[in-house]
Amino acid sequence: MRTISTLILWIVAVVATGQVNKLFIQDYTDEQLKELLPQPGSFRPVPPAKDNFWRQSFPSELTADYIANAEQYIDAVWNDIPDSVFAQFKKTGNRTNYERMHFALRTQLACLVMGEVMEHQGRFVRDIARGLHYFQREVWWGLPAHYPTNHPKADNQVVDLFNAETANMLAWTIYMLHDEIEQQEAGLCETIRQEIDRRMLTPCRTTRYGWKRLVNNWNTWICENWLSCIMLCETDGQHQQEAILQVVESLRTFYRGYPDDGGCEEGLSYWDRAAGSFFECLNLLDLFTDHRLSFRDNIKLRAMGTFAYKTYIGNGYSVNFADAQPQARVNVNVLFPFGQYIGDTALTGYAALIAHSDGFQQHPASLFNKSGNYPSLSRELLFLCQYPDFKSVEPAEPLLGGFWLNDLQVFTARSAAGTSRGYFLAAKGGHNDESHNHNDVGSFIVYHDAQPVIVDIGVGTYTSLTFSKRRYELFNCRSAYHNVPLVGGMEQHAGKQHRAKDAVCTHDSHSAALTLDLADAYPTEAKVKKWLRTIRLNGNKGVTVTEDYELLDHQQPTEIVLVSCGETRLEKEGRIAIADDRRTHHVRYDKRKMTAVVERIETDDALILNAWQHKPLCRIRLVLKDRYLQDKVNYIID
């Protein structure tokens, strides 16, 4: 039987022996572990609201903004969400109607709590208590998309992402404002603690949920919330040890499966709940053991952190493969603490840049409200405790010259490091069974002066199809709408076996290139023996793509798809124009070997339209004219 000492076996960077950058080194006995874990109820991660730290540590305009943000919720109603809205996901596939109401109620409580923490005059406590009563009567705290039936039941407390988020929010509420809430209504905090135990702590500890064995954001996102609840609300010492052991086993699975290069296959939009939440779990364990467990020097953790800025293009754009948005806003309240923890000044400078562009110093509550689906109290409070360090950091754009993540197989190159002027190229290999996968092996994107030219459409609004067997009916997930070939009219297939091979990356002073064989990304019916794609950035001259292919049979004509952002038209045979607000770019192709078709991508998906600022998205199809089984073609984007 596995002992509790397994907790430490994987997670310590072996302070005792001076070794770092390794996990799974030293075994601790149960007695040693007991010395590390404090008694239940003793965890004090930040000062409670009654501590004058919250009134004395920040500029007056910063605290005033949190207070003004809370004032809009004084005497606001706490309307129950109708069961009919919960049922919509199972009946029609719509998940946004319920989620909009669900998130609004949580935002309401979080903002009231922050207002009371900053002001501490009791003005918001009555409304906070009313909110706690609302969450007491809400049957289940998660989302319909994650529940087995179209109607939640009190005796079926499934733990999903947002059941966990709600539990965490309530745990931090009663920690920060315990005395104030008890003065308003004696016994209410204990009632909420019992609800957290019933809905979160006990189900997590006693159920073998699949998310405990995943290598994606479900694992770390839930574990971070679970850890907070354990540390703030668990009263039984044995249950605390059992639960922490399970959390660590889940984190161990995540760590082992995560690529050594730190790349997040889910995309930047999920980085803060994959790598970001993993960091938060380690930070909580560090704080919980009074810094006797420290992970600051772990190489893989550092690589996980730097991924957040390695993908940065400029002008707010980032590389958006998989279910990521092109202007994903990484949350400052996890980005800065992560950078501080691993001592990475590029990461902390990037956090300061985001905060500066969003006006954090003047309107912090606005940024708080943008932090994910609803504000995270734990993140904001822990972040604000680092405010003295944060306010002195100079904003800095992380404009790397380029990189190659060998495990994730993501490549970037820039015309010149340190500037967003000129061309930016990103490309990917990998496989078609990644978390939040799109069938996009070999796809690439091109920006110029930090403006999109050739793009990845990105994530659409989630529906019941998004995570179902019908995912690849969604146009934005299909290879037909990514920058890859359609060989003999056939798209790439999903599955880990459909992958790139023989990846070769080069960076030198004049150019950078990635070569991949895409043959295995296609089904056997496509009859692809070899498809070597080389994508090369030629400094300020643009991007050249070479397709060197060999087919076993010729079926339908093969096409090379490019998705453009901007008004796109065929200027003449051999040249396509893509116009943005600043200049016109071109796709130049060999008219002897290819013919071109340009078609507008029609969609009413608000998430996609807003992501590209309602600019036209067009699908360029370069159709190979000849029936050659073996050939090489080139085209240029400049």
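This text walks through three places in a predicted model: a serine in a helix, a glycine in a loop and a covered strand.

Start with Ser378. This residue sits in helix 20, which spans residues 377-384. Is Ser378 buried or exposed? Its relative accessible area is 3%. Buried means under 20%, so Ser378 counts as buried. Leaving aside residues up to four places away in sequence, Ser378 touches Asn168, Trp172 and Glu224. With Asn168 there is also a polar contact. It joins the two side chains at 3.3 Å.

Now turn to Gly418. This glycine lies in a loop. Strand 4 (410-414) and strand 5 (423-428) flank that loop. Gly418 has a relative accessible area of 59%. The cut-off for exposed is over 50%, so Gly418 is exposed. Which residue lies 19 residues from Gly418 along the chain, with 4.8 Å between the C-alpha atoms? That residue is Leu399.

Last comes strand 20, residues 617-624. How many of its eight residues are buried? The count is eight of eight. Both faces are covered. One side carries Leu617, Arg619, Arg621 and Val623. The other carries Cys618, Ile620, Leu622 and Leu624.

Strand 20 also has pairing partners. Strand 15 (residues 559-565) pairs with strand 20 in the antiparallel sense, over seven bridges. Here Glu559 stands opposite Val623, a residue buried on one side of strand 20. Strand 19 (residues 594-600) pairs with strand 20 too, antiparallel and over seven bridges. In this pairing, Glu599 has Arg619 of strand 20 as its bridge partner. Arg619 is on the side that also holds Val623.

Technical notes. Residues numbered from 1 in each chain as written. Predicted model: local features only at pLDDT ≥ 70, side-chain atom pairs only at ≥ 80, totals over all residues. Heavy atoms only, no water. Helix = DSSP H or I, 4+ residues; strand = E, 2+ residues; numbered from the N terminus. Buried < 20%, exposed > 50% of the residue type's maximum accessible area, 1.4 Å probe, protein only. Polar contact = N/O pair within 3.5 Å; in protein donor to acceptor, adjacent residues only side chain to side chain. Contact = heavy atoms within 4.5 Å. Pairing = 2+ DSSP bridges.
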